[in-house]
Amino acid sequence: MAEEAIKLGGKRKSIFIDKVKKLLPEGGNLNLCLTCGACSSGCPATGLENMDPRKFLRMAALGLDEELTSTPWIWMCTMCYRCVYACPMKIDIPALVYAARASWPREKRPKGLVGSCDMALRNMSRSAMGTPPEDFAFVVGDVLEEYREAQPEFKDMKAPIDKKGAHFFLNQNSREPVTEPDEMVPLWKILHIVGADWTYGSKGWAAENYCMFLADDDSWKKIVETSIKAAKELECKVFLNTE
Amino acid sequence: MYQYYAKWIREGKLKVNSDWNKDLKIKFTVQDPCQIVRKSYGDVVADDLRYVVKSIVGEENFIDMTPNKSNNYCCGGGGGALQAGYKEQRLQYGLVKDKQIKATGADYCIAACHNCHSQIHELSKYYKGNYSVVHLWTLLCLSLGILGENERAYLGDDLREVAVYGA
């Protein structure tokens, strides 16, 4: 015996998926799903919070906006784009996840992300650990001095900050200068050996951007702008992301 | 960064070799960072990454994960997950990566991305993987013979005393 069909009553109430479609080229292909499940079968976040990428997209298509914008799964998905890569229709599910993140009131978003973003907004380093430019300069100078003295082959090694006209503008994850400064040295050595002309910037040196993960667009932009402006002012040719 | 490492090795500016590992035969695998490979430059940069890795550890000591390159699984450390507070779920997410690494039998997983590095480091401890996680710069300097004793925080005991600069 077939069960009685579920009847959907009333008008289509979805606005969330339509809003996201408007933001994306080709509407992010959000209405092209074939329901094949290639996305979910290769997603490490499948099953967390009883959610998976296909389910998330189907829920969007069905207009279940409240469920979409309240599930904490959107903070567990890393927006790695493997679902898009696997998808025969190249549907931009991560953009939907990002939009769901952005729909949360800022103060309700994960505290760790809010905190890291706010730290980066405190000063011009744009470091998620809040390290001010002068502390960064001190650590870099201190470590450099130590290694130049201890390792004779590197007595001329440099780790410049704000060197105008340097070819590379190199950024630096805050973790090294703050918690394990010796880990900065191998990369300096490599750059020294190849004779690379490089510099850090006192402004915008930090490589991480938690405002982006927080889906706080204005702050994300502010952080990127600080780094780009610093690189331009120093007339650097290449913006080089650290490992 | 990987493209420059590869370029500098090809141009002979970084005179790396894998002699240090000829007898040790320590096995390495590599994590393809989603942001750099799948989301930005594609397999071209993944190939550069492998060229660098094979040049410094020896081709016979490199074991790829399956799947890999643009088709690789995310480790679970990206997208803000490390700071988002859902630790249990993040580790559950990373189980896929842990199994992938264990299947290679490698002693080390090279993670030239900070998010991957932190996450995989934690996965190895949590799931008792016994594999270490290293930055690429550490191994580059090791193979150049310029890695000092204080620059080895992520090397295991097997490499603690190999080719120490200044020793």
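**Two chains, a sheet and a pair of crossing helices**

In this predicted model, 42 residues of chain B are in contact with 39 residues of chain A. On the chain B side of this meeting, the helices α2 (37-41), α4 (87-104) and α6 (136-144) each supply at least two of the residues that touch chain A. Sorted by class, the side of chain B that touches chain A has 21 nonpolar, 16 polar and 5 charged residues.

One of these helices, α4(B), also leads us into the interior arrangement of its own chain. Two packed helices are described by the angle between their axes and the distance between the axes. The axes of α4(B) and of helix α5 (residues 114-126) of chain B come within 10 Å and cross at roughly 85 degrees. Because angles of 65 to 115 degrees count as roughly perpendicular, α4(B) is described as roughly perpendicular to α5(B). From α4(B), the contact is made by Leu91(B), Gly94(B), Lys97(B) and Asp98(B), while α5(B) contributes Gln119(B), Ile120(B), Leu123(B) and Tyr126(B). The residues of this contact divide into 4 nonpolar, 2 polar and 2 charged.

Turning to chain A, we find 3 strands that form an open sheet, in the order β2-β1-β3, with parallel pairing. In this sheet β2 (198-199) and β3 (238-240) of chain A stand at the edges and have a single partner strand each, so one side of each is left without a neighbour in the sheet. Strand β1 (residues 168-170) of chain A runs parallel to β3(A) and is joined to β3(A) by 3 bridges. Looking at individual residues, Phe168(A) stands opposite Val238(A), which lies in β3(A).

Note on methods: Residues numbered from 1 in each chain as written. Chains lettered and ligands numbered in written order. Predicted model: local features only at pLDDT ≥ 70, side-chain atom pairs only at ≥ 80, totals over all residues. Pairing = 2+ DSSP bridges. Helix = DSSP H or I, 4+ residues; strand = E, 2+ residues; numbered from the N terminus. Contact = placed C-beta atoms within 7 Å. Nonpolar A, V, L, I, M, F, W, Y, C, P; charged D, E, K, R; others polar. Axes fitted to C-alpha atoms, helices over the stretch in contact; angles between N-to-C directions. Parallel < 35°, antiparallel > 145°, perpendicular 65-115°, else oblique.
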